[in-house]
Amino acid sequence: MGDFPAAPCLALRCRWRLDRGAAAVQTSPKVFPDFGRIPAAPVEPADPLLDAIGAYRASLADYNANAPEGDAADAYAEQTYGPPMTGIEEWEAPATTHRSALEALRLAVDENEGCATNPMVAPLLAAVVAYLEGQS
């Protein structure tokens, strides 16, 4: 038995052959090239501090965009950024990656801009952030 005509769809160009009584599909290398073995994407290690900082920033952005006026704002703060902020305030573990250490410093810089307590803090934080960014 011979070859059947190619499928009309470009994505399905293939030739059907009957080999030893079974139908086999051969794909065109122009449509589906053989890439060989493709390595899996590297898996990022868990980074709980980075996750906590991301949750805080996202919930703070939600609060800033959607907070109601007046007394309801405090209740909304407790629903949005309150829990992630408390988690960071109670954080005791060290940063596990360069990235989480740098993000922790960036958050400290951002928070210090709004309520600076000591004029030395901002330039010291900025110096450390600049150094670590250069190490990336």
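This is a short tour of a predicted model, moving from the whole chain to helices α4 and α5 and to one residue, Ser100.

**Whole chain**

Begin with the full protein chain coloured by secondary structure. Five helices and two strands should appear, and from the N terminus the order is β-β-α-α-α-α-α. Switch to a surface view: the accessible surface is about 10,300 Å², and carbon and sulfur atoms account for 60% of that area. Of the 136 residues in the chain, 18% count as buried. If you display contacts with a separation of 6 or more, 45% of them join residues 24 or more positions apart.

**Helix α4**

Select residues 98–114, which make up helix α4. At 1.5 Å a residue, its 17 residues should span 24 Å, and the end C-alpha atoms lie 25 Å apart, so the length agrees with expectation. Next, show side chains for the buried residues of α4: Ser100, Leu102, Glu103, Leu105, Leu107 and Asn112. Which helices should be switched on to see what covers these residues? The cover includes α1 (48–66), α3 (82–89) and α5 (121–135).

**Ser100**

Stay in helix α4 and centre on Ser100. Its relative accessibility is 0%, and therefore Ser100 counts as buried. Now select the residues that Ser100 contacts beyond its neighbours within four places in sequence: Asp47, Leu49, Leu50, Ile53 and Ala95. For a distance label, pick the C-alpha atoms of Ser100 and Asp51; the two residues are 49 apart in sequence, and the label should read 8.7 Å. A second label can go from the side chain of Ser100 to the backbone nitrogen of Thr96, at 3.5 Å.

**Helix α5**

Move on to residues 121–135, helix α5. This helix has 15 residues, and the distance from its first C-alpha to its last is 21 Å, close to the 21 Å expected at 1.5 Å a residue. Select its buried residues, Leu125, Val129 and Leu132. They lie on the same side of α5, because the arc they cover around the axis is only 70°. What is found over that side? The cover of the buried residues of α5 includes α4, and α5 in turn is among the elements covering the buried residues of α4.

To finish, rotate to the face of α5 turned away from its buried side. The exposed residues there are Leu124, Tyr131 and Gly134.

Definitions and conventions. Residues are numbered from 1 along each chain as its sequence is written. This is a predicted model: local features need pLDDT of at least 70, side-chain atom pairs count only at pLDDT 80 or more; totals for chains, interfaces and linings use all residues. Side-chain values use heavy atoms; hydrogens and water are left out. Helices (H or I, at least four residues) and strands (E, at least two) are DSSP runs, numbered from the N terminus. The expected span of a helix is 1.5 Å times one less than its number of residues. Buried means under 20% relative accessible area, exposed over 50%, partly exposed in between (1.4 Å probe, protein chains only). Contact means heavy atoms within 4.5 Å. The arc is that of the directions from the helix axis to the C-beta atoms. A polar contact is a pair of N or O atoms within 3.5 Å; within protein, one must be able to donate a hydrogen and the other to accept it, and residues adjacent in sequence count only if both atoms are side-chain atoms. Accessible areas come from the Shrake-Rupley method with a 1.4 Å probe; for residues, only the protein chains shown count as cover.
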